[in-house]
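User: Hello! I would like to walk through this structure with you, one question at a time. Could you help me read it?

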Amino acid sequence: MRKKIVAGNWKMNNDLDQTIKLINELKSLITDSKIEIIIAPSFPFLKIAVDLTKDSNIEVVSQNVNDNSNGAFTGEVSISMLKSIGVNTTLIGHSERRAYYHENDELLLKKLNLAVENKMRVIFCFGEELSDRKSEMHFDVVKNQLKNTILKLDESSINNIVLAYEPVWAIGTGETATSEQAQEMHQFIRNCISENFNEEIANNIAILYGGSVKPANAAEIFEKKDVDGGLIGGAALNASDFFNIIQANS
Ligand code: PEP
């Protein structure tokens, strides 16, 4: 049985006081949960977030990680640094990393391999641009993104990967994929996993949808058979919105 997950990507939002406030609000709302709840604050606040969530159902993860183990990479953060403060999961491949920091499939595969080697769980993000969807190339684009990255990993490492399908045109735009579009793509992704690895792996891997998920549309998306939860941006910055989205997947 696949685990249901709701993950909040805080992006470059919230200073120290706001981070503490939001975590405390979430903790008072989330007293008991059958699903996995994840938050991804910014690097400077990960340690305090880990400490604050110690006795809760909330896991703290990072938004990014470097593709090298250590060394002369000014401004970067390594897997071992994250692990040393109790962060054992990271996002990799978010569309904003791809678009603004030119992270391509080759670099993302390097990050994935390093994460796998170091037993760091990964929430791997991917998805097509609006132009790809308009030209009906979205399945090809997504298949290629997978082929160049997670489908190159070996079978034994896949159980430490969560997938997050995030159509770029739906991220932060207020325009969500319909639940049918989400289901259609999630099923396609699961088929790609099954063809490349096997059916058992495909049935066990969690695939999250991300792109303008809000309390009002979450339930409809999450009830689809191949949608195991969501990666939430804007709505994760408000405790009651995020809580309502969690409830919609419970
Ligand atoms: C995201 O950043 O991954 C995301 C889905 O953002 P939003 O929910 O704001 O579209």
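Analyst: Happy to! One thing to keep in mind is that this is a predicted model. Where would you like to begin?

User: Let's start at the ligand. What distance separates a backbone N or O atom of Gly234 from an oxygen atom of the ligand?

Analyst: Good place to start. Two neighbouring glycines offer backbone atoms here, and a backbone N or O atom of Gly233 lies 2.8 Å from an oxygen atom of the ligand. For Gly234, too, the contact is made by a backbone N or O atom, and the distance to a ligand oxygen atom is 2.8 Å.

User: How much of the ligand's accessible area does the protein cover?

Analyst: On its own, the ligand has 290 Å² of accessible area. Of that area, the protein covers 97%.

User: Which residue brings a polar side-chain atom to 2.9 Å from an oxygen atom of the ligand?

Analyst: The glycine contacts come from the backbone, with Gly233 as one example. Here we want a side chain instead, and the residue whose polar side-chain atom lies 2.9 Å from a ligand oxygen atom is His94.

User: How do the residues of the shell around the ligand divide by type?

Analyst: There are 14 residues around the ligand, and those that come nearest are Lys11, Glu166, Gly172, Ser212 and Gly233. Glycine is counted among the polar residues in this scheme. The shell as a whole divides into two charged, four nonpolar and eight polar residues.

User: Now the strands. Is β1 mostly covered or exposed?

Analyst: Let's look at both faces. Ile5, Ala7 and Asn9 point one way, Val6 and Gly8 point the other way, and all are buried. Ala7 is a nice example: this β1 residue has a relative accessible area of 1%, and buried means under 20%. With five of its five residues buried, strand β1 (residues 5–9) is mostly covered.

User: Which residue in β2 is the bridge partner of Val6?

Analyst: β1 and strand β2 (residues 36–40) run parallel and are joined by five bridges. Within this pairing, the β2 partner of Val6 is Ile37.

User: What is the handedness of the crossover from β1 to β2?

Analyst: After leaving β1, the chain passes through helix α1 (residues 16–29) and then reaches β2. This β-α-β crossover is right-handed.

User: Which residue in β8 stands opposite Gly8?

Analyst: β1 is also joined to strand β8 (residues 229–232), by four bridges, and the two run parallel. In β8, the residue opposite Gly8 is Ile232.

User: Which residue in β8 is the bridge partner of Tyr209?

Analyst: Tyr209 belongs to strand β7 (residues 207–210), where it shares one side with Ile207 while Leu208 and Gly210 are on the other, all of them buried. β7 pairs with β8 in the parallel sense over three bridges, and helix α10 (residues 215–222) completes a right-handed β-α-β unit with these two strands. The β8 partner of Tyr209 is Gly230.

User: Which residue stands opposite Ile207 in β7?

Analyst: For this we turn to strand β6 (residues 161–165), which pairs with β7 in the parallel sense over three bridges. The residue that stands opposite Ile207 is Leu163.

User: And which residue in β6 is the bridge partner of Ile123?

Analyst: Ile123 sits in strand β5 on one side with Arg121 and Cys125, while Val122, Phe124 and Phe126 are on the other, and all are buried. Five bridges join β5 to β6, and the strands run parallel. The β6 partner of Ile123 is Val162.

User: Which residue in β5 is the bridge partner of Ile92?

Analyst: Strand β4 (residues 89–92) pairs with β5 in the parallel sense, and four bridges link them. The β5 partner of Ile92 is Phe124.

User: Is His102 buried or exposed?

Analyst: His102 lies in the loop between α4 (95–100) and α5 (105–117). The residue has a positive phi of about 55° although it is not a glycine. Most residues other than glycine have a negative phi. As for cover, the relative accessibility of His102 is 64%, so this residue counts as exposed.

User: Last one: what distance separates the C-alpha atoms of Asn203 and Arg2?

Analyst: Asn203 lies in helix α9 (residues 199–204) and is partly exposed, with a relative accessible area of 38%. Along the chain, Asn203 and Arg2 are 201 residues apart, yet their C-alpha atoms are separated by 7.4 Å.

Note on methods:
Residues numbered from 1 in each chain as written. Predicted model: local features only at pLDDT ≥ 70, side-chain atom pairs only at ≥ 80, totals over all residues. Heavy atoms only, no water. Near = heavy atom within 4 Å. Polar contact = N/O pair within 3.5 Å; in protein donor to acceptor, adjacent residues only side chain to side chain. Areas by Shrake-Rupley, 256 points an atom, 1.4 Å probe, with all protein chains shown as cover. Buried < 20%, exposed > 50% of the residue type's maximum accessible area, 1.4 Å probe, protein only. Pairing = 2+ DSSP bridges. Right-handed = clockwise from strand over helix to strand, strands pointing away.
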